[in-house]
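Trainee: I should like to understand how the descriptive terms for a structure are justified. May we go through them one by one?

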Amino acid sequence: MGLIFAKLWSFFCDQEHKVIIVGLDNAGKTTILYQFLMNEVVHTSPTIGSNVEEIVVKNTHFLMWDIGGQESLRSSWNTYYSNTEDLRKAAVLIFANKQDVKGCMTAAEISKYLTLSSIKDHPWHIQSCCALTGEGLCQGLEWMTSHIGVR
Ligand code: G3D
């Protein structure tokens, strides 16, 4: 069972939106990112940094940063939030990855465990997925696309 937290917010300019992917090590963040790259409608730019990729979905650009989940890296997460008013307008997408693994928690169980219903000030969504097959990833992207600039 793996769990991905993907935090998304908008720059509100030129239809480019910044996505921060955070989660535990081994949760499948890199696999998800590269599934997006393989299946995207248009892939405009190759790797900018080691874990930064841009994808384009229906003319909307997503700059996706996989910033790593290691504890030692977490203190630097806030540097990614600068210029974004500290995530005030962020929408939160949680990928419940590795749904193919026997005995994994369901999205509903994860949602309850994380008390996601207590999130009142940001739109959020939990999406079951299997990054190996790509199942569920498009639905997550669609949710992201539909929540751009809604706040
Ligand atoms: P991370 O970037 O979050 O650290 P990775 O995680 O994307 O590197 O994935 C860690 C391992 O989990 C990889 O296995 C990857 O293939 C596997 N994985 C990712 N998504 C899934 C999934 O949906 N189902 C299953 N069963 N495995 C998944 P390896 O063996 O390469 O370390």
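Mentor: We begin with a term needed for what follows: a polar contact is a pair of N or O atoms within 3.5 Å, and within protein one must be able to donate a hydrogen and the other to accept it. Please keep in mind that this is a predicted model.

Trainee: What makes the approach between Lys29 and the backbone oxygen of Gly23 a polar contact?

Mentor: A polar atom of the Lys29 side chain lies 3.2 Å from the backbone oxygen of Gly23. The limit is 3.5 Å, so the pair qualifies as a polar contact. The Lys29 side chain also reaches the backbone oxygen of Leu24, at 2.8 Å.

Trainee: Why is Lys29 called buried?

Mentor: Its relative accessible area is 6%, and buried means under 20%, so Lys29 is buried. Lys29 lies in helix α1. Between the C-alpha atoms of Lys29 and Asn51 there are 10.0 Å in space, while the two are 22 residues apart in sequence.

Trainee: Which residues are closest to the ligand, and how many surround it?

Mentor: The ligand is surrounded by 15 residues, of which Asn26, Lys29, Thr30, Thr31 and Asp100 are the closest. Helix α1, residues 29–39, gives the largest share of this shell, with three residues. By type, the shell has six nonpolar, five polar and four charged residues.

Trainee: How do you know that Thr30 makes a polar contact with the ligand?

Mentor: An N or O atom in the Thr30 side chain is 2.6 Å from an oxygen atom of the ligand. That distance is within 3.5 Å, so the contact counts. Two further pairs can be tested in the same manner. A nitrogen atom of the ligand lies 3.1 Å from a polar side-chain atom of Asn97, and a polar backbone atom of Ala131 is 2.9 Å from an oxygen atom of the ligand. On its own the ligand has 660 Å² of accessible area, and the protein covers 64% of that.

Trainee: Why is Asn26 called exposed, and what is notable about its phi?

Mentor: Exposed means over 50% relative accessible area; Asn26 is at 68%, so the term applies. Asn26 is placed in the loop between β2 (16–23) and α1. As for the backbone, most residues other than glycine have a negative phi. Asn26 is not a glycine, yet has a positive phi of about 75°.

Trainee: Where does Lys98 lie, and what makes it partly exposed?

Mentor: Lys98 is in the loop between β6 and α4 (107–113). Its relative accessibility is 24%, which falls between 20% and 50%, so Lys98 counts as partly exposed. Lys98 has a positive phi too, of about 65°, although it is not a glycine.

Trainee: How do you know that Cys104 is in no disulfide?

Mentor: The structure holds zero disulfides. For Cys104, the nearest cysteine sulfur is that of Cys130, 9.4 Å away. A disulfide requires sulfur atoms within 2.5 Å. The sulfur of Cys130 is in turn 7.3 Å from the closest cysteine sulfur, in Cys129, which is too far for a bond. Cys104 counts as buried at 16% relative accessibility, and Cys130 is buried with a relative accessible area of 6%.

Trainee: Why is the pair of Phe36 and Phe95 called tilted?

Mentor: The structure holds one aromatic pair. The ring centres of Phe36 and Phe95 are 6.3 Å apart, within the 6.5 Å limit, so the rings pair. Their planes are at 50°; under 30 degrees would be stacked and over 60 edge-to-face, so this pair is tilted. Phe36 lies in helix α1 and Phe95 in strand β6 (residues 91–97), so the pair ties together parts 59 residues apart in sequence. Both Phe36 and Phe95 are buried.

Trainee: What makes the approach of Ser146 and His147 count, given that they are adjacent in sequence?

Mentor: Adjacent residues count only if both atoms are side-chain atoms. The 3.1 Å polar contact joins the side chains of Ser146 and His147, so the condition is met. Ser146 is found in helix α5 (residues 137–146) and, at 44% relative accessibility, counts as partly exposed.

Note on methods: Residues are numbered from 1 along each chain as its sequence is written. This is a predicted model: local features need pLDDT of at least 70, side-chain atom pairs count only at pLDDT 80 or more; totals for chains, interfaces and linings use all residues. Side-chain values use heavy atoms; hydrogens and water are left out. A residue is near a molecule or strand if one of its heavy atoms lies within 4 Å of it. Accessible areas come from the Shrake-Rupley method with a 1.4 Å probe; for residues, only the protein chains shown count as cover. Helices (H or I, at least four residues) and strands (E, at least two) are DSSP runs, numbered from the N terminus. Ala, Val, Leu, Ile, Met, Phe, Trp, Tyr, Cys and Pro count as nonpolar, Asp, Glu, Lys and Arg as charged, and the others, Gly among them, as polar. Buried means under 20% relative accessible area, exposed over 50%, partly exposed in between (1.4 Å probe, protein chains only). Rings of Phe, Tyr and Trp (its six-membered ring) pair if their centres lie within 6.5 Å; planes under 30 degrees apart count as stacked, over 60 as edge-to-face and the rest as tilted.
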